[in-house]
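Work through the exercises below with the model open. Try each task before reading its solution.

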Amino acid sequence: MFGQWLLRHPTFLVLPALVVIVALLLSPSSPLARSLPGLNKIKNLSNSSKAPHPSPNANMPKAPVYFFSHGGPDVQYNTTHPVYPVLQAIGKEITQKVKPRAVVVFSAHWQAQPNEIHLNNDEDPGLIYDFHGFPAEFYKATFPSKGSPALASQILSLLSTAGIEAKGVKRGLDHGVFSGFNVAFSPEENPLNCPLVQVSLFNSEDPDAHYRLGRAVASLRDENIVIIGTGMTVHNLRDMRFTWGNPTPMPYSVSFDNALKEAVESAPETRQERMAAAARRPDARQAHPWMDHLIPLYVAAGAAGEDKGVQTWTMHEGSFAWAQYRFGQVPA
């Protein structure tokens with residue numbers, strides 16, 4: 001009976017056979033598939049949209065961590081300042097040697113809550129002109145960037161695992177990011193060309209809390225994600241009235257910047273303690289009446305883990321110091 005039914009319904013046998021034949025012909029090793037490169041492109045595109053985060057490569061070093069002394073909103077316009085070519089060189093080191101998959105930045109100009117971190121999960125963040133009294137063109141600055149909601153979610157998970165309260169918000173990039181980044185990652189000369197996610201600081205001066213914050217996100221480095229803290233190693237706006245037009249450094253600009261260098265460049269196993277001690281020095285409060293510009297360096301040092309830190313450049317100018325730091329190795 002079944003045989004007679006098959007004779008009346010031959011497609012029952014023909015269709016499965018056709019499916020098998022087509023599958024064989026279009027397999028990657030078949031001559032037909034090799035003659036249709038467009039077909040393979042479609043297949044690869046489909047697979048790439050579902051690709052997981054790249055797994056860490058045992059042969060790939062961790063991405064280095066950086067601290068930028070970023071200066072004020074004028075840094076991107078003051079091309080004759082000595083820091084300008086320094087930031088340019090650091091930016092080229094990152095884009096041309098490290099070639100990061102993404103950048104995560106902690107700026108002095110975003111302090112969320114005393115016990116809660118905020119992070120920007122906006123895919124198209126704008127800019128925040130968080131300064132007053134500057135020339136009109138400063139308020140027309142641009143910096144093209146793309147956020148990454150997926151990376152922001154990953155950071156939230158890391159913070160939660162570390163016991164740190166955090167939430168995602170929509171926010172623009174402040175001048176602690178875009179002013180210095182316009183020099184380091186000039187859209188015309190050295191574009192960043194990877195996602196950028198900004199994470200806040202705590203609204204506190206606790207160096208150890210910020211060191212732990214850096215530790216919480218340190219594993220991002222295994223995925224070739226560069227972590228950058230931006231601030232200043234000495235930042236006293238109050239004393240600018242004594243140094244206006246005179247770059248001669250205040251005594252604390254030299255003494256604190258030098259002491260901070262010794263702490264940051266100490267052995268990683270003692271670095272957290274020595275950096276915390278530096279923040280308690282008598283000249284620390286002169287160097288930082290409020291420590292918002294210093295704290296991002298503690299985040300960077302925490303993210304560095306067992307990697308040593310090195311001061312790559314500094315300058316003492318009035319009531320400021322411009323030290324730049326790198327932790328870890330740069331790919332050859």
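**Exercise 1. Place Tyr-84 and list its contacts.**

Start with the partners. Leaving out residues up to four places away in sequence, Tyr-84 touches Val-75, Gln-76, Asn-78, Thr-79 and Val-183. Contact means heavy atoms within 4.5 Å. This is a predicted model: local features need pLDDT of at least 70, side-chain atom pairs count only at pLDDT 80 or more, and totals for chains, interfaces and linings use all residues. Residues are numbered from 1 along each chain as its sequence is written, and side-chain values use heavy atoms, with hydrogens and water left out.

Next, the position. Tyr-84 sits in helix α5. Helices (H or I, at least four residues) and strands (E, at least two) are DSSP runs, numbered from the N terminus.

Then the burial. Tyr-84 counts as buried because its relative accessibility is 14%. Buried means under 20% relative accessible area, exposed over 50%, partly exposed in between (1.4 Å probe, protein chains only).

Last, the distance. Tyr-84 and Val-183 are 99 residues apart along the chain, yet their C-alpha atoms are separated by 6.7 Å.

**Exercise 2. Describe how α5 packs on α7.**

Take the geometry. Helix α5 (residues 83–98) meets helix α7 (residues 175–184) at an angle of about 75°, with the axes 7 Å apart. Axes are lines fitted to C-alpha atoms, for helices over the stretch in contact, and angles run from 0 to 180 degrees between N-to-C directions.

Name the arrangement. The angle therefore makes α5 roughly perpendicular to α7. Angles under 35 degrees count as roughly parallel, over 145 as roughly antiparallel, 65 to 115 as roughly perpendicular and the rest as oblique.

List the residues. From α5 come Tyr-84, Leu-87, Gln-88, Gly-91 and Lys-92; from α7 come Gly-180, Val-183 and Ala-184.

Sort them. This contact has four nonpolar, three polar and one charged residues. Ala, Val, Leu, Ile, Met, Phe, Trp, Tyr, Cys and Pro count as nonpolar, Asp, Glu, Lys and Arg as charged, and the others, Gly among them, as polar.

**Exercise 3. Is Met-232 buried or exposed, and what does Met-232 touch?**

Locate Met-232 in the loop between β6 (225–231) and β7 (234–235). Its relative accessibility is 2%, so Met-232 counts as buried. Beyond its neighbours within four places in sequence, its contacts include Phe-67, His-70, His-288, Leu-294, Phe-320 and Trp-322. Leu-297 lies 65 residues away in sequence and 8.6 Å away in space, C-alpha to C-alpha.

**Exercise 4. Examine two loop residues with positive phi.**

Recall the background. Most residues other than glycine have a negative phi.

Check Lys-99. Its phi is near 50°, a positive value. Lys-99 lies in the loop between α5 and β2 (102–111). At 56% relative accessibility, Lys-99 is exposed.

Check Asn-193. Its phi is near 55°, also positive. Asn-193 lies in the loop between α7 and β5 (196–201). Asn-193 is exposed too, with a relative accessible area of 68%.

**Exercise 5. Summarise the whole protein.**

Count the elements: 13 helices and eleven strands. Now the burial: 48% of the 332 residues are buried. Finish with the contacts. Among those with a separation of 6 or more, 81% join residues 24 or more positions apart.
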